[in-house]
Amino acid sequence: MSQQRNHHHNNSNHYHDTPKKPQKRTAKRKKAKQKAFIVGILTVGIITGGSVFAYGQYIKNKMEEVVNIDTIYNGITVNGADVSGMTKEEALQSLQQETDQHLGSQKITIQQEDKSWEIAFSDLDVKYDVEASVNEAWEQGRTGELKERYDVVTKLAENKLEIPISYTYDKQKVKEKLEEIAVEFNVEAKDSTMTRKNGAFQITDEQKGYAMDVDQTIPKVEQMLEQNTGGIVEPEITVTEPKVTKADNEKVTDLIGTYNTSYSANAAGRNENLRVGCANIDGTVIAPGDVFSMNVGLGPQTYANGYKDAGVYVNGKVEQGVAGGVCQVTSTLYNAVILAELEVVERYPHSMTVGYVPLGRDAAVAGDYKDLKFKNNTEYPIYIEAYARDGKVVCNLYGHEIHNAGRKVDFEMVFEGTIPKPAEKITKDASKPEGYRQVTYSGKTGSKVSTYKIVTENGKQVSKDWFSSSTYRATADEVTIGTKKAEAPAPVQQAPAEEKPVTETPAETPTEAPTDNVDNQAVDSEPIGAE
């Protein structure tokens, strides 16, 4: 616990609302007494005929009468209150009552515009050392020789002495209290938002953010505590500007990129994933310079987030997995992004080919190791509109078009080569006879492609540049063969010579079972563990 003591022998720490106690004796009466004492001394001297001994004894007695009293001497005030003529107990009780009243009435108000928070002195563990100040008042003139003490007492009556009450407060509690207030005080900046309804944008106002700078506000509160009086403190604040203002959003007037892909109506789980994925990214506003992450936009790909099981690629095969289909949303958005000529930060092709976008123009998401990220490298906000209905996944990007009206962007795929299937994977089945063979999974031939970006202006090609490369893995056929040996034929018995031999012909053993066709529909999600 860190404490700060305020102990100045002056009038700066007086309670401004503490009434002064009436003086026990007026200055006029004190002077009259002193004159009477002097006259008495002269009179005694005359009466005694100048007896030195008697005179000295008389003086001593009178001085002892002045200093040997059980109350605080005249001319002493504590924190502005006259305590002369009081016993220590009386002064302590009176001052303790005053400090308690003062402590209960003092508070510091943290105020910013129309918001305010109050901090009571007691919340900061302010404590007054009344006893120490009363003891100091009592000890004045109590030490030294009689003459020294008498001189001190008589001077106190004329010159007066002000003794402040020292006090302490807890610096750690000052910080803790301000931190508590900051939690309520702080307001995050809010960007202007956009929603698109019935073909038109609805735009909200932005809001600045405010945060109390606790470290810079502490000295202001401590300065008020040093003065031992409450009041208003304006906190030091940090202002955070929103990234997107209403004026910025009002510049979003153009469809800068659009793309759509098709889906069938006979895959309920997958189609629901398309709908949920689109709904999660629909309405996203990307500020200039910001990077959009598809994994973040899609949200957790879990059942709790509304996703269903559907076909996914896992280790080169199609399996059922949660959120199958979201890569179609990802690929649709990717094509809108590249047609809008936004900066692609991160993109991965699928491990195997998909059928809803041209080869080389797909984008996969998987766990935390495959993501689609793109940057808004324009000077204006970008609004994502996405929906899945009527057999179409649609992604539209709205912004402020900076290209000429005659500019057109297209992409061309160049086939670089095939990747042959690996050797087939054979599974032996001892329950099937030798010669049995069945293809349980038809693999795929892999491929390598390059994508080129072609730009034309007013119908004339102005550039054709390499844009990306994609490699799609090959997968092996999976075959089951039988290993069961055929049973040996029974021995033939020799008939009598006159009889004709009889021969039994064994049944024909099939050499290959019918091959099951594996539905190689285009699936598009690669969960954790996928290749």
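In this predicted model, Glu-180 and Lys-177 form a salt bridge, with 3.6 Å between the closest N and O atoms. A salt bridge is counted when a side-chain nitrogen of Lys or Arg lies within 4 Å of a carboxyl oxygen of Asp or Glu. Side chains of opposite charge can pair when their charged atoms come close. Both Glu-180 and Lys-177 belong to helix 6 (residues 171–185), where they are 3 residues apart, about one turn of the helix. Helices (H or I, at least four residues) and strands (E, at least two) are DSSP runs, numbered from the N terminus. Glu-180 is partly exposed at 48% relative accessibility, and Lys-177 is partly exposed with a relative accessible area of 23%. For these classes, buried means under 20% relative accessible area, exposed over 50%, and partly exposed in between (1.4 Å probe, protein chains only).

The model is predicted, so local features need pLDDT of at least 70 and side-chain atom pairs count only at pLDDT 80 or more, whereas totals for chains, interfaces and linings use all residues. Residues are numbered from 1 along each chain as its sequence is written, and side-chain values use heavy atoms, with hydrogens and water left out.

Helix 6 also packs against helix 7 (residues 214–226), at an angle of about 125° and with the axes 10 Å apart. Axes here are lines fitted to C-alpha atoms, for helices over the stretch in contact, and angles run from 0 to 180 degrees between N-to-C directions. Helix 6 is therefore oblique to helix 7, given that angles under 35 degrees count as roughly parallel, over 145 as roughly antiparallel, 65 to 115 as roughly perpendicular and the rest as oblique. The crossing of helix 6 past helix 7 is right-handed. A crossing is left-handed if the near helix is turned anticlockwise from the far one by less than a right angle, and right-handed if clockwise. On the helix 6 side, the residues making the contact include Val-174, Leu-178 and Ala-182, and on the helix 7 side they include Ile-218, Val-221 and Leu-225. Contact means heavy atoms within 4.5 Å.

A second helix pair is formed by helix 2 (residues 52–67) and helix 5 (residues 146–159), which pack at an angle of about 55° with their axes 9 Å apart. This angle makes helix 2 oblique to helix 5, and helix 2 passes helix 5 in a left-handed crossing. Among the residues that meet are Met-63 and Val-67 in helix 2, and Tyr-150 and Val-153 in helix 5.

Salt bridges also occur between loops. Glu-241 and Lys-208 are joined by a salt bridge of 3.6 Å, N to O. Glu-241 lies in the loop between strand 12 (237–240) and helix 8 (246–249), and Lys-208 in the loop between strand 9 (200–203) and strand 10 (209–212), so the pair ties together parts that are 33 residues apart in sequence. Glu-241 is partly exposed, at a relative accessible area of 49%, as is Lys-208 at 40%.

In another such pair, the closest N and O atoms of Lys-421 and Asp-477 are 3.0 Å apart. This salt bridge links distant parts of the chain, 56 residues apart: Lys-421 is in the loop between strand 22 (407–419) and strand 23 (425–433), and Asp-477 is in the loop between strand 26 (460–472) and strand 27 (478–484). Lys-421 is partly exposed, with a relative accessible area of 35%, and Asp-477 is partly exposed at 21%. Elsewhere, Glu-341, Arg-407, Lys-453 and Glu-457 are joined into one network by salt bridges that share partners. The whole structure contains 20 salt bridges.

Two single residues were also examined. Gly-289 lies in the loop between strand 14 (285–286) and strand 15 (291–293) and is partly exposed, at 40% relative accessibility. Apart from its neighbours within four places in sequence, Gly-289 is in contact with Lys-375, Asn-376 and Thr-378. His-102, in helix 3 (residues 88–105), is buried at 3% relative accessibility. The C-alpha atoms of His-102 and Phe-121 are 9.4 Å apart, and the two residues are 19 apart in sequence.

For the chain as a whole, there are 11 helices and 27 strands, and 41% of the 531 residues are buried. Of the contacts between residues at least 6 apart in sequence, 76% join residues at least 24 apart.
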